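Trainee: I'm new to this structure and would love a close look at its salt bridges. Could you walk me through them?

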Amino acid sequence: MSALADSPPVVRTVHGACPHDCPDTCAMRITVADGKVVRIQGDPDHGSTQGALCTKVSRYAERSYHAERVLHPLKRSGPKGSGQFVRVGWDEALADIAARLSAIAARDPQAIVPYSYAGTMGLVQGEAMAQRFFHKLGASLLDRTICSMAGGEALAATYGSKVGMHVRFFAESQLIVIWGSNSIASNLHFWTLAQEAKRRGAKLVAIDPRRTETAEKCHQHIALRPGTDGALALGVMHELIERGWIDRDYIERHVAGFDRLARRIAEWAPERAAATCGITADEVRGLARDLGTTQPAAIRLNYGMQRVRGGGNAARLIALLPCLTGAWRHRAGGLLLSSSGWFAQFKNPQLVRSDLLAGRRPRTINMSTIGDDLLRESSAAFGPKIEALVVYNSNPVAVAPESKKVVAGFAREDLFTVVLEHFLTDTADHADYVLPATTQLEHLDVHGTYGHTDIMFNEPAIVPLGESRPNTQVFRDLAVRMGFTETCFADDDEELARQAFDWDAIGTSFEALRERGWAALPLPEAPFANGGFPTSDGRVRVDVCGLGVPEHLPNHECAETTPELAARYPLQMISPPARHFLNSTFVNVKSLRTVEGEPLLEIHADDARARGIASGAMVRVFNDRGEYRCKAEVSERARPGVVNGLGVWWRKFGPAGTNVNEVTSQALTDIGRAPTFYDCLVQVEPLQ
Ligand SMILES: Nc1nc2c(c(=O)[nH]1)N[C@H]1C(S)=C(S)[C@@H](COP(=O)(O)OP(=O)(O)OC[C@H]3O[C@@H](n4cnc5c(=O)[nH]c(N)nc54)[C@H](O)[C@@H]3O)O[C@H]1N2
Ligand SMILES: Nc1nc2c(c(=O)[nH]1)N[C@H]1C(S)=C(S)[C@@H](COP(=O)(O)OP(=O)(O)OC[C@H]3O[C@@H](n4cnc5c(=O)[nH]c(N)nc54)[C@H](O)[C@@H]3O)O[C@H]1N2
Ligand code: SF4
Ligand SMILES: [Mo]
């Protein structure tokens with residue numbers, strides 16, 4: 001043995017931030033020995049992380065050092081979608097990509113479309129350099145609607161911005177309504193606070209069609225039909241008014257347009273709401289009693305309830321509830337859907353340099369209808385046919401609705417597709433070039449969050465594995481090859497991070513953030529105790545220009561709207577996430593996939609019996625858009641008439657190479673142009 005091998009390893013710890021699309025944005029403490037990550041822990045000093053990461057991200061090292069990581073640029077060598085590639089050098093790949101994009105841009109740069117979402121939520125590896133590149137190019141803009149736009153725009157229409165309670169004060173609430181959220185799976189650190197409140201005597205109520213692991217641990221579970229939350233909110237308001245449980249003083253001072261809302265509420269007696277929601281009138285009245293007579297009362301609203309046609313209107317109605325009861329008077333009262341609007345006040349909007357558009361106004365492609373849009377020809381209305389896609393931080397072939405069309409689009413031989421990825425995902429399989437991306441362990445970033453109010457720092461822990469490169473570097477290099485000479489294309493990652501926030505306004509510095517790992521935004525504890533909503537006049541808005549007074553809108557697909565369709569496809573399907581995956585991320589991590597087993601459809605015993613489906617049997621789930629196969633589990637988690645197809649598996653790991661998005665539709669929500677994943681009628685039959 002050499003003397004070197006005997007010397008003790010060099011061990012150090014660095015501050016990390018969990019990069020995933022999760023409201024918790026945990027602080028990670030990453031231990032590195034001799035250049036290798038040996039441990040990833042939750043930081044015990046960070047307020048909301050409290051030293052704990054979820055099971056998924058505890059496996060982040062396993063994911064990063066995965067034997068199947070893409071570590072070199074790859075060029076397609078087989079037919080589109082075959083997943084056959086040969087290794088090429090970076091220079092060759094970048095030169096060819098720049099040449100291909102330049103040729104298309106010379107005809108019309110709008111034929112080039114960036115496709116990205118929140119594979120990392122970092123501001124640096126997210127859009128900073130990428131959008132500079134696409135803005136300069138004049139490429140199509142992307143409307144990033146796939147997740148939260150219906151609820152987000154609804155919240156902003158009502159409160160003026162995506163703002164709400166501080167998550168930490170939920171621990172002091174006496175009533176917590178968990179509305180459209182499986183917190184144990186997708187908002188774990190909020191759940192810890194809810195548990196603390198429970199120990200202090202708080203009542204927990206879950207509103208969810210599915211009997212989730214969260215719902216079964218609450219005192220009460222209201223299992224409404226998917227897409228009926230707006231009706232429930234209206235029925236609750238009816239009872240609040242009838243019983244005199246509203247805070248007239250708060251409404252008078254801080255709510256604009258209450259009279260118009262009151263007229264709509266008058267139409268929604270609890271009995272009507274109950275019939276619409278498929279629950280009892282007592283459940284409606286009981287929820288009103290809880291919200292109207294408990295203080296402090298808090299609602300943790302989440303995005304699960306807005307993936308239906310009326311999701312935006314429903315979110316507006318729910319957002320009005322704490323305004324009617326005056327719950328905002330307390331720091332432990334009110335509502336939290338997203339805290340991202342707080343960060344917007346301190347962010348640098350010019351990080352993405354929209355000025356590089358130089359007066360051009362490219363068309364916008366909605367990421368949620370990428371299936372249809374990839375199959376469109378040029379037209380005056382649509383603009384040029386899409387000729388090139390550059391995908392980063394997203395796996396659209398698995399996660400976008402109506403897979404048959406998405407796959408057909410990505411399989412177009414005349415489409416030039418570049419995918420920046422860690423793995424050969426379903427999307428990467430369809431690429432002309434796959435470019436190896438670094439993980440959060442290998443690059444620098446700063447993060448805002450949407451579930452708490454701390455800015456987070458992520459220090460690179462190790463050097464990039466193989467030949468992988470940060471997204472930023474790829475776009476910097478492409479910019480040089482395309483002849484872009486603006487100095488902003490020379491900004492390195494640290495410079496981009498420095499530009500991300502207005503440090504003086506926050507009352508900290510970039511250095512202090514880097515040293516500590518996080519920095520709290522300077523915000524009041526009870527932000528709306530005395531009104532002061534971020535609207536033009538500080539008042540909550542009921543009647544919004546262009547949107548009217550909120551109302552309940554039945555699903556695109558249900559017995560009420562489409563009776564003929566409902567006769568053929570009588571089951572409503574929702575497809576919330578499987579607990580051990582994060583959207584489609586981690587599906588290829590064996591230890592986590594083993595826990596999930598295989599794609600699963602939860603079905604109520606009555607619905608299973610009527611179809612001759614035994615628990616554990618393989619089934620076909622289908623509608624006019626397509627079909628997928630999975631294992632049925634007869635389960636009390638499913639309410640009668642609703643099946644739960646847990647997502648989002650990689651297609652290639654699913655039976656017959658398909659996943660749940662074969663059956664979901666590209667129809668959009670009432671507000672926010674967002675997808676309606678949970679507004680979907682299907683039929684299920686056993687496979688012989
Ligand atoms: N483990 C895990 N955590 C995650 C994710 C993940 O995939 N896995 N994804 C992350 C992302 S991107 C997001 S956006 C969030 C998503 O997390 P949430 O915003 O909580 O949304 P969902 O998980 O889609 O759905 C939450 C719950 O809403 C229920 N639901 C479905 N339809 C309705 C309805 O019509 N009304 C009501 N009241 N409830 C309904 C579902 O059954 C589910 O239990 O979680 C993040 N965290
Ligand atoms: N049926 C159904 N479909 C859904 C949903 C549902 O509930 N049901 N949920 C929807 C929701 S809420 C969302 S947010 C979308 C999520 O959709 P996506 O944003 O596409 O999320 P992921 O599937 O996690 O894919 C993210 C990809 O980014 C990659 N990635 C991570 N970090 C980096 C990086 O630093 N650089 C690069 N280049 N790549 C990186 C990961 O490897 C991963 O493959 O899915 C939606 N689809
Ligand atoms: S996925 Fe969410 S809960 Fe898990 S470590 Fe990341 S931020 Fe924390
Ligand atoms: Mo999402």
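Mentor: Happy to! Let's start with a group: E459, E494, R498, E511 and R514 are joined to one another in a network of salt bridges. Please keep in mind that this is a predicted model. Across the whole structure, a search turns up 53 salt bridges, so let's pick out some individual pairs and see where their partners sit.

A good one to find on your screen is the pair R210 and E602, whose side chains meet in a salt bridge at 2.8 Å, N to O. R210 belongs to the loop between β9 (203-207) and β10 (220-222), while E602 is part of strand β23 (residues 600-603), so this pair ties together parts that are 392 residues apart in sequence. Both ends are hidden from the surface: R210 is buried, with a relative accessible area of 5%, and E602 is buried too, at 2%. Anything under 20% counts as buried here.

Now look at K631 and E598. They also form a salt bridge, and their closest N and O atoms are 3.4 Å apart. K631 sits in strand β25 (residues 626-634) and E598 in the loop between α24 (590-596) and β23, so the two are 33 residues apart and the pair links distant parts of the chain. Here the surroundings are more open to view: K631 is partly exposed, at 25% relative accessibility, and E598 is partly exposed as well, with a relative accessible area of 32%.Next comes E662 with R651, whose side chains meet in a salt bridge at 2.6 Å, N to O. E662 and R651 both lie in the loop between β26 (642-645) and β27 (681-686), so the pair ties together parts that are 11 residues apart in sequence. E662 and R651 are both buried.

To finish, here is a helix to compare with what you have seen. In α18 (residues 403-410), the buried residues are S403, V406, V407, G409 and F410. Seen down the axis of α18, these buried residues fall within an arc of 160 degrees, so they line one face of the helix. An α-helix has 3.6 residues a turn, so residues three or four places apart point the same way. The cover over the buried residues of α18 includes α16 (370-374), β15 (388-392), α17 (396-399) and β16 (416-421).

Methods
Residues are numbered from 1 along each chain as its sequence is written. Chains are lettered from A and ligands numbered from 1 in the order in which they are written. This is a predicted model: local features need pLDDT of at least 70, side-chain atom pairs count only at pLDDT 80 or more; totals for chains, interfaces and linings use all residues. Side-chain values use heavy atoms; hydrogens and water are left out. A salt bridge is a side-chain nitrogen of Lys or Arg within 4 Å of a carboxyl oxygen of Asp or Glu. Helices (H or I, at least four residues) and strands (E, at least two) are DSSP runs, numbered from the N terminus. Buried means under 20% relative accessible area, exposed over 50%, partly exposed in between (1.4 Å probe, protein chains only). The arc is that of the directions from the helix axis to the C-beta atoms. Contact means heavy atoms within 4.5 Å.
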